[in-house]
Structure formats: structure tokens, C-alpha cells
Amino acid sequence: MAATRNMMRAVRVFEFGGPEVLKLQSNVSIPDPKENQVLIKVHACGVNPVETYIRSGNYARKPALPYTPGSDVAGVIESVGEHVTAFKKGDRVFTIDTISGGYADYAVAAANRVFPLPDKLDFRQGAAIGIPYFTAYRALVQKGRAKAGESVLVHGASGGVGIATCQIARACGLKVLGTAGTEEGMNLVLRNGAHQAFNHRETNYMDKIKACAGVEGVDIIIEMLSNVNLAADLQLLSCAGRVMVVGCRGSIEINPRDTMSKESSIIGVSLFLATEEERRACAAAVLAGVDAGWLSPAVGCGYALERAAEAHADIIGGAGAAGKVVLLP
């Protein structure tokens, strides 16, 4: 049901907890864009794992309650606030952040967090760009210092950030290895830049990766589940190799000697800490990739807005990722 008059539908969180705390309301006021802000008619909104951590209350960043989740919006500019000259009503755009929340019919975003959506991408793909591709570029290039000829293992490669990393790494001339939890996920990874894929549900998959990497080891590991894999990752690294911690759902015990023997590094990645200059560099790389044709977001399940709780449950507890999860208002 579309928004009527000055009201819209939005998913609201009134208390931290499980997916059931996501409540769809139909009487939420459509926000007005203020200075240097835009109002976007949302056609799709990406669902990111970090949003489930924030919703649960077990994350460093806790928004004031109540709030509407959602950063990765794709849609059409409805109106603009004062001093906004880069966009006008009717422009197709995507975001890397919102002010009012993206799980809604409309969302307000700061103009400097909004980018033009290329015509060759649809709205679902647009909702799969922001957090996944900017995070992947930050992890691989800005923090991981990846160079052509190096090898990268994308540990959890079939989700939004994983697919983005595979595409960027392949375009940068790296040897790309990826893991997934299903046959479908492995095939998706191979179609999106990986030279080889491994099933991380197999008990001996690490041995297969070691055999593939050879005695030199892997130069970079992009790690989506570090609380499970970090100790084993350190055994896979090359000399001066680095593990980029993109995702974590808990604690893990490691032996620091494993970093000393190869002078390897464990580096945390947070897109929230990127500077304005770094965000612009991410945007330039992403839009250049779309233009060149190698960047094409893989979209998985689409959920109606009223199924936001189901989307949150599936993204964490599902059988295995197969592309970006999106909400469709």
C-alpha cells in the first residue's frame, strides 16, 4: 500500500531485541529534507548484517529509540532541501547512509551520502551498492593495500560484501578465492570474479584452500565471520599477509605468535570511520566499475516491507547467502 497524503509506511524499532522488534507502521509522517538534505522515494533498500547487530542492541553504535533501520536506499529524488544543487526531483539515486532510515516508503539522506544511480542498474541493484561495495573497496584497497598479482581469500563470498569484493579484486588483477555455504553460493561466487570457490561447510575445506594457495600462502583475507575463522585464517597467510576483519558476531581466542612468525596483520574495517575524501574515492571507483561493466551487484532475495523481520532472521540464520538481500517498499 503506497503512502497517502503526508503519511507513509516505515519499519520502526521501539526496543532492542530479536527480529520480532521490527514493527511496520502505516501512520509515520513523511520527513521533510532540511538544508543539504534530499527526500527519496524508496524503490528498494538493502539489508545489511550490521543492521541486525544494531537492532539486537549488541553493537557499539546504538541509535536512539525509536528508529527506522536502513542505509542502502535506491530510488528517486522526491524533493531537495536548501543549498542542494547536485540533485533535483526525478533523479535516480542510491545512498550509503540515511538520516530517517531506509526501511520505509520515503527516506531523508544527507546530499553528500547520495550518488547518481547509473541507468544500466535497476533499483534492486542500486540498493546493493552502498554499504557492500564501499566496504569491499575500503577493506581491499584503502586498508588492505591490495596490489595486482596478490592473492585474496574472501571468507564468506556469496553475500553482498563478498560478491562486491570478488568483483573488485578480479578487476584489480588479484587471484581470487572465495568460500560459500551452498552449491548455489559457490556458483554465484565463480560467476562474479572468483577463480576458485570452496564450500566452508565441508570439514576439510581449509586444507583445500592451503593446497590451492601453495607454500606462499594467501596475501589478503577478507573475513566476514572472524569470531569463527580468525585463528585458522592466520595459518593461511603469506609473509606480511593481512586479515581484514569485516564481520564478527562474538569473541575468539587466537595465538599472537601466529602473527609474529609471518609478520602478519589483523586489521579491523569500519566504513563508518571513512573520511569524506575516502568515501568520495569509494564512489569514484564504484561508478567507474559500473561504467566499465565489471561491477554488477548480484541481488538475492527480495522481501516486502512487512517481511522485514523475516529478512533479518534469514540474513543471519539462513542456509547460505546468495546475493544481496533487499526490501521492496
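Which residue lies over the face of Phe272, and at what distance from the ring centre? Select Phe272 together with Arg61: Arg61 lies over the face of that ring, at 3.8 Å from its centre. This tour returns to aromatic rings after a view of the whole chain; the model is a predicted one throughout.

**The whole protein**

Display the complete chain as a cartoon. The secondary structure amounts to ten helices and 15 strands. The radius of gyration is 20 Å, close to the 20 Å that the globule rule gives for 329 residues, so the protein is as compact as a globular protein of that length. Along the principal axes, the C-alpha atoms fill a box of roughly 65 × 40 × 35 Å. Colouring by accessibility will show that 53% of the 329 residues count as buried. Among contacts with a separation of 6 or more, 66% are accounted for by residues 24 or more positions apart.

**The largest nonpolar core**

Next, select Tyr133, Phe134, Leu140, Val152 and Ile222. These are the residues with the most contacts inside the largest nonpolar core, which has 45 residues. The elements giving two or more residues to this core are helix H3 (130–143), strand E8 (151–155), helix H4 (160–171), strand E9 (175–180), helix H5 (183–191), strand E11 (218–223) and helix H9 (276–292). H3 gives the most, with seven residues.

Centre the view on Ile222. Leaving aside residues up to four places away in sequence, Ile222 touches Ala139, Leu140, Val152, Leu153, Val154, His155, Thr165, Met244 and Val246. Apart from this core lies another, of 30 residues, which includes Ile54, Tyr67, Val93 and Ala107.

**Helix H6**

Move to helix H6, residues 205–213, and show its side chains. Its buried residues are Tyr205, Met206, Ile209, Cys212 and Ala213. They lie on the same side of H6, because they cover an arc of only 120° around the axis. Rotate to the face turned away from that buried side, where the exposed residues Asp207 and Ala211 are found. Now add the surroundings: the cover over the buried residues of H6 includes E8, E9, strand E10 (196–199), E11 and helix H7 (226–236). Just after H6, Gly214 takes a positive phi of about 80°.

**Aromatic rings**

A search of the whole structure finds four aromatic pairs. Select Phe16 and Tyr67, which form a tilted pair, 6.5 Å centre to centre with 40° between the planes. Phe16 lies in the loop between strand E1 (7–13) and strand E2 (22–29), and Tyr67 in the loop between helix H1 (49–56) and strand E4 (73–80), so the pair ties together parts that are 51 residues apart in sequence. Phe16 counts as partly exposed, at 27% relative accessibility, whereas Tyr67 counts as buried, at 10%.

Then select Tyr53 and Tyr59. Their ring centres are 6.4 Å apart and their planes are at 35°, so this pair is tilted. Tyr53 counts as buried at 16% relative accessibility, while Tyr59, at 25%, counts as partly exposed.

Phe94, Phe115 and Phe134 can be selected as a group, for they form one aromatic cluster. Phe134 has already appeared among the residues with the most contacts inside the largest nonpolar core.

**A last stop**

To finish, select Lys41 and Tyr106. Lys41 lies over the face of Tyr106, at 5.5 Å from the ring centre.

Key:
Residues are numbered from 1 along each chain as its sequence is written. This is a predicted model: local features need pLDDT of at least 70, side-chain atom pairs count only at pLDDT 80 or more; totals for chains, interfaces and linings use all residues. Side-chain values use heavy atoms; hydrogens and water are left out. A nonpolar core is a set of buried Ala, Val, Leu, Ile, Met, Phe, Trp, Tyr and Cys residues joined through side-chain atoms within 4.5 Å. Buried means under 20% relative accessible area, exposed over 50%, partly exposed in between (1.4 Å probe, protein chains only). Helices (H or I, at least four residues) and strands (E, at least two) are DSSP runs, numbered from the N terminus. Contact means heavy atoms within 4.5 Å. The arc is that of the directions from the helix axis to the C-beta atoms. Rings of Phe, Tyr and Trp (its six-membered ring) pair if their centres lie within 6.5 Å; planes under 30 degrees apart count as stacked, over 60 as edge-to-face and the rest as tilted. A charge sits over a ring if NZ of Lys or CZ of Arg is within 6 Å of the ring centre and within 35 degrees of the ring normal. The radius of gyration is taken over C-alpha atoms; the globule rule is 2.2 Å times the number of residues to the power 0.38.
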